[in-house]
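Here are a few exercises to work through with the model open beside you. Try each task before you read its solution.

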Amino acid sequence: MGKYSKILELGKRRGFFWPSFEIYGGVSGYYDFGPLGARLKRNIEDLWREFFVERHSEFIVEIETPVIMPQPVFEASGHLEHFTDYMVQCRKCGRIYRADHLIEQHVETSGLEGKSAEELTSIIREAGIKCPECGGELGNVRKFNLLMQTNIGPYKGSIGYGRPEAAQGMFINFKRVYDQMGGRLPLGIAQIGRVMRNEISPRQGLIRVREFTIMELELFYDPKNPSCPLLSEVENRELKIVVASDVEKGRWNPVKFTVREAVERGVIKTEWNAYFMAIAVEFLQALGVPSEMQVFIDKPPAELAHYSAQTFDQLVKLEDFGWVEVSGHAYRTDYDLYAHIKKSGVDLRAFRKFDKPIVKERVKVRLNMSVAGRIFKGKAKMLREELSKMDPEDVMRALESNGWIEVLGEKLDRNLVIVEKTVEKVHGERFIPHVAEPSFGAERLFYVTLEYAYREVDGRIVLSLPKRIAPIKVAVFPLVARDGLPEKAREVYSLLKRSGLEVVYDDTAFIGRLYARADEIGIPIAITIDYDTLKDDTVTLRDRDTWRQVRTPIHKLPSLLREYIEGRRGFEELGTPFSKQG
Ligand code: GAP
């Protein structure tokens, strides 16, 4: 059995995750999270929040915006036109496949992402690829838009789409949040929420689904001041990168750069992206993925999303699926804000204050109504209005070169146009910020975390989840279910529960079996109440990963366990070594 199948089996049996809608035959690309899975996923999201939002709370804030968005949002963002994959249909049985995936299954190839429909069709024909199900002839490759469409309200034509990324919610709200945060840059706006993508052929279980939770941050900064003040904190950390020229040649050649080198050599275009890539490595390590099992791929220009000037995909090695993308780090420039300003007509620009105000001469032009009224009668008002809309500099230039300016078919000479020059102090200028975006998929991280935690020891499953994200932190067991031990164990359970720890109580099996059950769902610490506990109020703590044991007084448990879970204390520091039960 492959690793994915083993983890899925555990997921179904113990309540982590399983395919949705099973009683109706299932629909591919949808997964449910069970009692333990929902907690684990929430803990992963909270850890992301801690790394990407709370750590930077002076300038990064979190918002929440709707999942369904009206059509103009995606017309502006470019998703209606560009958020597509290529599909191909069997002419005989009608089955539909994602063209690039189908080609990859049959031919050793790379760099399909930039190819056109015609090029993909040619590859299919030349390689003689047929329908994998019935062997039938395949049709021509066509584009398929991945947005999930719906109707907003009962009105026809009021089309909405499930958002494929949370980002657009941040772009639309940029100006409002920027003002609320005091009009300062850099400003990060983050969001964790559900997104939908009508994937053509979801595969690899949780890795490619049609609805998932995205954890996304848009970092807005002034392109005239692009430096990241936090870069020095991570500048010596290593990033393993396969550069775009190697990716283009299909060469897997990860090169180690320090964060500082990657920026100085221009491998990473923005300091902000470089900074968050370093944080991304640390975040994956906190989920249990060693840095050797992580790599960044610099996407070649032909493979970039329509909004991106540079993107690095962060990949993690998985046993069954090879290298899998877990996050994308895009330099989105001013693409999205510019697009929304253009489409909505609303000014979403930021303000750059000058060090010293600049004195500027301003020219204003207006119609001399006392003269114009006599000449043009009722039309004078229209002329006044039209003139006021014109650029004064253009009017001045026309008057200087021709002696007149034409407005609504009338020639207005110097007697008709009053030119006023004023001097103004200008304190700053408006501009469109640039954006660096780290974006993570929670489902992929959830699976990656499970895979890296999964071990088999003496034929038993042990889930060595990082303590901080384990869905349950402590289990309390009586050594035997009699002689007052269950009552004492319940007291300890209540004490720990009141202290805010995620704790369970169980007395439904022999102690060895209870330990095995706890290991299988990743509970870091098991506490056993035995006969000595009744005499001296001490308990045994057992470490999930080493099965070592220590003895500790009950009253110390809440603070000791919290320090242990938060990584401030090692297991051996929780009490005195104990080996009675082996
Ligand atoms: N706003 C940028 C953006 O959406 P993306 O690379 O398309 O970028 C971000 O998606 C992350 O979401 C990916 O790195 C991946 O972890 C996750 N992701 C993308 N498509 C997914 C899918 N169909 N199923 C599960 N996770 C997915």
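**Exercise 1.** Find which strand gives the largest share of the shell around the ligand.

*Solution.* Step one: strand 16 gives the largest share, five residues; strands are DSSP E runs of at least two residues and helices H or I runs of at least four, numbered from the N terminus. Step two: strand 11 (211–221), strand 16 (322–333) and strand 21 (434–441) each contribute at least two shell residues. Step three: the ligand has 19 residues around it (a heavy atom within 4 Å), and the closest are Glu165, Arg197, Glu199, Glu216 and Glu325.

A word on the source: this model is predicted, local features need pLDDT of at least 70, side-chain atom pairs count only at pLDDT 80 or more, and totals for chains, interfaces and linings use all residues. Residues are numbered from 1 along each chain as its sequence is written, and side-chain values use heavy atoms, with hydrogens and water left out.

**Exercise 2.** Identify which polar atoms lie 3.3 Å from a nitrogen atom of the ligand.

*Solution.* Begin with the backbone: a polar backbone atom of Ile207 is at 3.3 Å. Then take the side chains: a polar atom of Arg444 is at 3.3 Å from a ligand nitrogen. For the ligand alone, 560 Å² is exposed, and the protein buries 91% of that (Shrake-Rupley method, 1.4 Å probe).

**Exercise 3.** List the buried residues of helix 5.

*Solution.* In helix 5 (residues 99–106), these are Ala99, Asp100, His101, Leu102 and Ile103, where buried means under 20% relative accessible area (1.4 Å probe, protein chains only). Their cover includes strand 5 (84–89), strand 6 (96–98) and helix 6 (117–127).

Notes:
Buried means under 20% relative accessible area, exposed over 50%, partly exposed in between (1.4 Å probe, protein chains only). Contact means heavy atoms within 4.5 Å. A polar contact is a pair of N or O atoms within 3.5 Å; within protein, one must be able to donate a hydrogen and the other to accept it, and residues adjacent in sequence count only if both atoms are side-chain atoms.
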